[in-house]
Amino acid sequence: MMKKLKIFLFSDALGYELAQRYRFMQDELPVRLPVRTQLGYSSTAVPTILSGEPPTVHGHFSFFCRTGVTPFRFFKYLHPFLRPRFVFDNHRVRHKLSRLIAKWKKYTGYFNLYRVPYDRLPYFDYCEKKDIYAPGALAPAPNIRDMLGASGVRYHISDWRRGDDENIRKALASIARKEYEFYFIYTGQLDGILHFHVHEPEVVEEAFAALAKQVGKLLETAHQHAEDVAFYLMSDHGMTPRTGVADLRPVLEGAPFRFGRDFLACYDSTMLRLWVLNPEARTPLMERVAGAPGHWLSEDEKKAFNIDFSDNSYGDEIFLLDPGVQLAPSDMGAKAIPGMHGYSPDDPDSTAALLAERPPPFDPVTIADFFRLMRREAEDLRGPGA
Ligand SMILES: [Zn+2]
């Protein structure tokens, strides 16, 4: 029997609202806390959880950014040859191309070209080139691996590239062998299901039942092999059902202003990010979009959302869509889908969750606090500063 065992199970997109509405594991995990998410996608939220720091410190927000360098220069010469476009814009082709580039450039992080037009790629950099779980990957902030490594606890962090079943299976076998005392287990399947089926109660029920089965097994195995088990199920954000669609590219772009000369723009699923190259274009461009369902973020809002980057690497101006409204087509996808995340953290459907068997040593307010909770539990195994 082990004395103490700490398990953090991360479930992408397990929102507080849905967990409550579907009474997901209400009896087994009676401690249920809403936790404020971080504006952005998993590309923002996960580094925030892994470091406890805001995007302005760990540097990760949306995948495509402006840093003064670009790994996509070659597309300047290559893009005229990528024809016919419908072939090269096919998502499978883009996926394959993304994998080739990642291999060529030796990227270890999650890399995907999504649907950013090939001729626009040379204007941008990509933020997740490195595996964010690797040592020092979120420097200057220490990440979970740095923190656990320094703590001296025996730990296991599952591989985000692997499927949920494999990650759970590996953790179960390892717990049974009493190999480690701290587990961070990554699961991402629920996110994929909710994006496409959040509006279908039977499918959501089924997905929750599958997750509950996995969690149940983890709990059972953990209690079999340890006297004292601290188990936490945590998430990065929720999933907001679609209420509308906005196609902002034709609204923003058009004479007399030209992409690359007067402005640059990135179309995320819930945000339009604008870089102004010609100062005279700023007001007219912003006015063009002003009538869409959403608003340009004020400097105070950017600050409150922790995205007031001093170098404006993620945009000079950001237009955030109202909760439920999706930008489509966007640089992320051709069509709107039933569910999306990346809305204001004030949107209840975006709220993340912490579910547990017993109260945590302190209540996390934002998802950045998950890092502090993990650190506190690691310290409980070794003592602070050990
Ligand atoms: Zn997602």
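Biologist: Leaving aside neighbours within four places in sequence, which residues is Leu252 in contact with?
Modeller: Once those sequence neighbours are set aside, Leu252 is in contact with Phe263, Ala265, Tyr267, Leu272, Leu274, Leu285, Arg288 and Val289, where contact means heavy atoms within 4.5 Å. Please keep in mind that this is a predicted model, in which local features need pLDDT of at least 70, side-chain atom pairs count only at pLDDT 80 or more, and totals for chains, interfaces and linings use all residues. Residues are numbered from 1 along each chain as its sequence is written, and side-chain values use heavy atoms, with hydrogens and water left out.

Biologist: And which residues touch the most other members of the largest nonpolar core?
Modeller: Phe64, Leu248, Leu252 and Leu272 do, in a core of 53 residues. A nonpolar core here is a set of buried Ala, Val, Leu, Ile, Met, Phe, Trp, Tyr and Cys residues joined through side-chain atoms within 4.5 Å; buried means under 20% relative accessible area, exposed means over 50%, and partly exposed lies in between, with a 1.4 Å probe and protein chains only.

Biologist: Which elements each supply at least two residues of this core?
Modeller: They are strand E3 (64-65), helix H6 (91-104), E10, E11, H12, E13 and strand E14 (325-327). Helices (H or I, at least four residues) and strands (E, at least two) are DSSP runs, numbered from the N terminus. Apart from this core lies another one, of 37 residues, which includes Leu14, Ala19, Leu194 and Leu218.

Biologist: In what order do the four strands of the antiparallel sheet come?
Modeller: The order in that open sheet is E10-E11-E13-E12, and two strands count as paired if DSSP finds at least two bridges between them. Strand E10 (263-267) and strand E12 (294-296) are the edge strands, each pairing on one side only. From one strand to the next the twist averages 15 degrees; axes are lines fitted to C-alpha atoms, for helices over the stretch in contact, and angles run from 0 to 180 degrees between N-to-C directions. E12 and strand E13 (residues 317-321) pair in the antiparallel sense over three bridges, and His295 stands opposite Leu320 in E13.

Biologist: Which helix packs on that sheet?
Modeller: Helix H12 (residues 282-289) does, touching E10, strand E11 (271-276), E12 and E13, and its direction makes about 165 degrees with that of E11.

Biologist: Switching over to the six-strand sheet, why is one side of E2 and of E5 left without a neighbour?
Modeller: Strand E2 (31-35) and strand E5 (155-157) stand at the edges, so each has a single partner strand. The open sheet has the order E2-E16-E7-E1-E6-E5, with mixed pairing. E5 runs parallel to strand E6 (residues 182-187), to which three bridges join it, and Tyr155 has Phe182 as its bridge partner in E6. Helix H8 (residues 164-176) lies across strand E1 (2-11) and E6, at about 165 degrees to E6.

Biologist: Now the metal: what are the protein donors of the zinc ion?
Modeller: Asp191 contributes OD twice, and His195 and His341 each contribute NE2, with the donors lying 2.1 to 2.3 Å from the zinc ion. Donors are N, O and S atoms within 2.8 Å of the metal (3.2 Å for Na, K and Ca), and water is not among the atoms, so sites may look incomplete. Along the chain the donors follow the spacing D-x3-H-x145-H.

Biologist: What about the geometry of that site?
Modeller: The site is irregular, with angles of 57 to 148 degrees among its four donor atoms. Four donors count as tetrahedral if all angles lie between 85 and 135 degrees; four count as square planar and six as octahedral if opposite donors are over 155 degrees apart and all others between 65 and 115; anything else is irregular.

Biologist: How far apart are Asp191 and His195 in helix H9, and is His195 buried or exposed?
Modeller: Because they are four residues apart in helix H9 (residues 189-197), Asp191 and His195 are separated by about one helical turn. His195 is buried at 10% relative accessibility, and Asp191 is buried at 12%.

Biologist: Last topic, the backbone: which peptide bond near Pro140 is cis?
Modeller: The bond from Ala139 to Pro140 is cis, with omega near 10 degrees, and the bond from Ala255 to Pro256 is cis too, with omega near 5 degrees. Met25 has a positive phi of about 50 degrees although it is not a glycine, and Met25 is buried, at 6% relative accessible area.
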